[in-house]
Amino acid sequence: MATTLKPLGDKIVVKRQEAGEKTKGGIILPDTAKEKPQIGKVIAVGDGRLLKSGKRQELQVKKGDTILFSSYAGDEFELDGEKVLLMREEDVLAIIEE
C-alpha cells in the first residue's frame, strides 16, 4: 500500500529532479560530487496559509508544477523508498513553465 503524505498549511511536498551523471565535458561524477538539483515536481500541497483573519490563502503552486527552489529549502524524508522534500511555499523561487 502506498503511503500518502498530506502537508499542512503552506507546506508542499516536492520530488527533486535527479542529479546529472556526467558533466557537460563528459566526466562521470561519483555520487559524492553531484550537486543536488534545485528543481523538482510538486507532488502534494497543503490547504494554504492561515491569515490573521482566520481565512486561508490558497497556495500559488499546485500539484504537478515544476518549481525552482532555494538550495537549503525544506527537509528531506524518505517516502515509499523515494526521497522527497517537505518545504514551505515561501522557499519556492519560481514555477517553471514548459
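Helices (H or I, at least four residues) and strands (E, at least two) are DSSP runs, numbered from the N terminus. With that in hand, let's walk through this one. This is a predicted model, where local features need pLDDT of at least 70 and side-chain atom pairs count only at pLDDT 80 or more, while totals for chains, interfaces and linings use all residues. Residues are numbered from 1 along each chain as its sequence is written, and side-chain values use heavy atoms, with hydrogens and water left out.

How confident is the predictor? pLDDT is its confidence in each residue, from 0 to 100. The chain averages a pLDDT of 83, and 79% of its residues reach 70 or more. Among the elements, strand S1 (residues 11–16) has the highest mean pLDDT, 94, and S6 the lowest, 89.

Now the overall layout. You'll find 0 helices and 8 strands here, so-called β-β-β-β-β-β-β-β when read from the N terminus. The chain has 98 residues, and 27% of them count as buried (buried means under 20% relative accessible area, exposed over 50%, partly exposed in between, with a 1.4 Å probe and protein chains only). About 7500 Å² of the chain is exposed, and carbon and sulfur atoms supply 51% of that; these areas come from the Shrake-Rupley method with a 1.4 Å probe, and for residues only the protein chains shown count as cover. Contacts, meaning heavy atoms within 4.5 Å, often span a good stretch of sequence: of those between residues at least 6 apart, 63% join residues at least 24 apart.

On to the sheet. Two strands pair if DSSP finds at least two bridges between them. By that rule, 6 strands make an open sheet, ordered S6-S7-S1-S2-S5-S8, with antiparallel pairing. The edges are taken by strand S6 (75–79) and strand S8 (92–96), and each has a single partner strand, so one side of each is left without a neighbour in the sheet. From one strand to the next, the twist averages 40 degrees (axes are lines fitted to C-alpha atoms, for helices over the stretch in contact, and angles run from 0 to 180 degrees between N-to-C directions). As a reminder of what holds such an arrangement together, strands of a sheet pair through backbone hydrogen bonds, either parallel or antiparallel.

Let's take some of the pairings in turn. S6 is joined by 5 bridges to strand S7 (residues 82–88), and the two run antiparallel; one pair to look for is Asp75 with its bridge partner Leu86 in S7. S1 and S2 are also antiparallel, over 5 bridges, and here Ile12 has Val45 in S2 as its bridge partner. Strand S2 (residues 39–45) then pairs in the antiparallel sense with strand S5 (residues 66–69) over 3 bridges. Along that seam, Gly40 has Ile67 as its bridge partner, and Lys41 stands opposite Thr66.

Back at the S6 edge, what links S6 and S7? They form a hairpin with 2 residues between them. Asp80 lies in this loop and has a phi near 50 degrees, a positive value in a residue other than glycine. Most residues other than glycine have a negative phi, and most peptide bonds are trans. Asp80 counts as partly exposed because its relative accessibility is 47%. Within S6 itself sits Glu76, which is also partly exposed, at 36% relative accessibility. Its C-alpha atom is separated by 9.7 Å from that of Val13, although the two residues are 63 apart along the chain.

Two more residues are worth a stop. Is Asp10, in the segment before S1, buried or exposed? Asp10 has a relative accessible area of 11%, so it is buried. Leaving out residues up to four places away in sequence, Asp10 touches Gly48, Arg49, Leu59, Met87, Arg88 and Glu89. With Arg88 there is also a side-chain to side-chain polar contact of 3.0 Å (a polar contact is a pair of N or O atoms within 3.5 Å; within protein, one must be able to donate a hydrogen and the other to accept it, and residues adjacent in sequence count only if both atoms are side-chain atoms).

The second is Arg56, in strand S4 (residues 56–57), which counts as partly exposed at 46% relative accessibility. Beyond its neighbours within four places in sequence, Arg56 is in contact with Gly9, Asp47, Gly48, Arg49 and Leu50. A polar atom of the Arg56 side chain lies 2.8 Å from the backbone oxygen of Gly48. As for Gly9, its C-alpha atom and that of Arg56 are separated by 8.4 Å, with the two residues 47 apart along the chain.

Key:
pLDDT is the predictor's confidence in each residue, from 0 to 100.
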